[in-house]
Amino acid sequence: MAPSLLSADFSRLGEEIQAAERAGADLFHLDVMDGRFVPNLTFGPMIVRAVRKLTGLPLDTHLMIEEPDKYIPQFADAGSDVITIHVEASSDVRRDLRTIREKGKKSGLTLNPDTPIERIAEYFDDIDLLLVMSVFPGFSGQSFISDVLPKLAEAKRIRGERGLDFAIEIDGGINPVTSVRARESGAEILVAGSSVFGSADYSEAMRAIRGGQ
């Protein structure tokens with residue numbers, strides 16, 4: 001369970017992080033947007049560094065930015081544990097994944113809802129995390145795109161055939177209803193923003209998204 005801090009109340013970020021930890025978060029998802037690759041602007045390494053001081057849980061930093069190679073070292077140094085880049089935004093995916101690992105971090109790769117899994121499968125040997133977007137990145141609170149579910153199943157199938165061990169994550173429109181199909185299709189890490197931080201009871205929200213676990 002990876003609550004997305006983009007949906008947290010940043011005026012009391014420390015409290016929000018502590019509450020999510022108590023509610024059962026396994027890691028935190030940080031959405032970095034540059035206003036170029038996606039039509040929104042969020043935050044940079046400074047916020048990641050601040051969050052790192054507030055929690056001991058792993059930080060899953062999702063770079064929705066152009067030219068990620070220019071910024072990977074900064075986000076690594078800020079305290080990210082996983083750094084995920086978009087296949088659509090990188091000019092040299094293998095190089096960027098190698099850079100992430102050379103910085104001692106886990107490498108993640110993600111694709112937009114309209115990008116076929118075939119475009120990303122050649123890099124499966126180089127990743128620790130595959131992130132399947134179930135909304136078009138840019139804004140929280142969007143509706144789940146169920147057409148991406150076969151990508152989860154296909155990624156799981158390929159992973160098994162090749163004897164790989166990368167984790168499969170899904171992000172976008174995840175709630176107690178959509179998470180059922182996501183988990184059934186192969187998702188192992190569920191990113192949820194508004195369905196957690198917009199709820200009155202974070203613990204109950206995460207339990208419901210996990211399927212009562």
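Buried means a residue has under 20% relative accessible area, exposed means over 50%, and partly exposed is in between (1.4 Å probe, protein chains only). The model here is predicted, so local features need pLDDT of at least 70 and side-chain atom pairs count only at pLDDT 80 or more, while totals for chains, interfaces and linings use all residues. Residues are numbered from 1 along each chain as its sequence is written, and side-chain values use heavy atoms, with hydrogens and water left out.

Let's start with the rings. Searching the whole structure turns up 3 aromatic pairs. Rings of Phe, Tyr and Trp (its six-membered ring) pair if their centres lie within 6.5 Å; planes under 30 degrees apart are stacked, over 60 edge-to-face, and the rest tilted. One of the pairs is Phe10 with Phe43, a tilted one with 6.0 Å centre to centre and 35° between the planes. These two sit 33 residues apart, so the pair links distant parts of the chain. Another is Phe197 with Tyr202: centres 5.4 Å apart and planes at 80° make this pair edge-to-face.

How accessible are these four rings' residues?

| Residue | Relative accessible area | State |
|---|---|---|
| Phe10 | 36% | partly exposed |
| Phe43 | 12% | buried |
| Phe197 | 8% | buried |
| Tyr202 | 12% | buried |Now for helix H4 (residues 93-102), where Val93, Asp96, Leu97 and Ile100 are buried. Helices (H or I, at least four residues) and strands (E, at least two) are DSSP runs, numbered from the N terminus. Down the axis of H4, the buried residues fall within an arc of 100°, so they line one face of the helix. That arc is taken from the directions from the helix axis to the C-beta atoms. Among the elements covering them are helix H3 (72-77) and strand E4 (82-86), with contact meaning heavy atoms within 4.5 Å.

Key. Helix = DSSP H or I, 4+ residues; strand = E, 2+ residues; numbered from the N terminus. Contact = heavy atoms within 4.5 Å.
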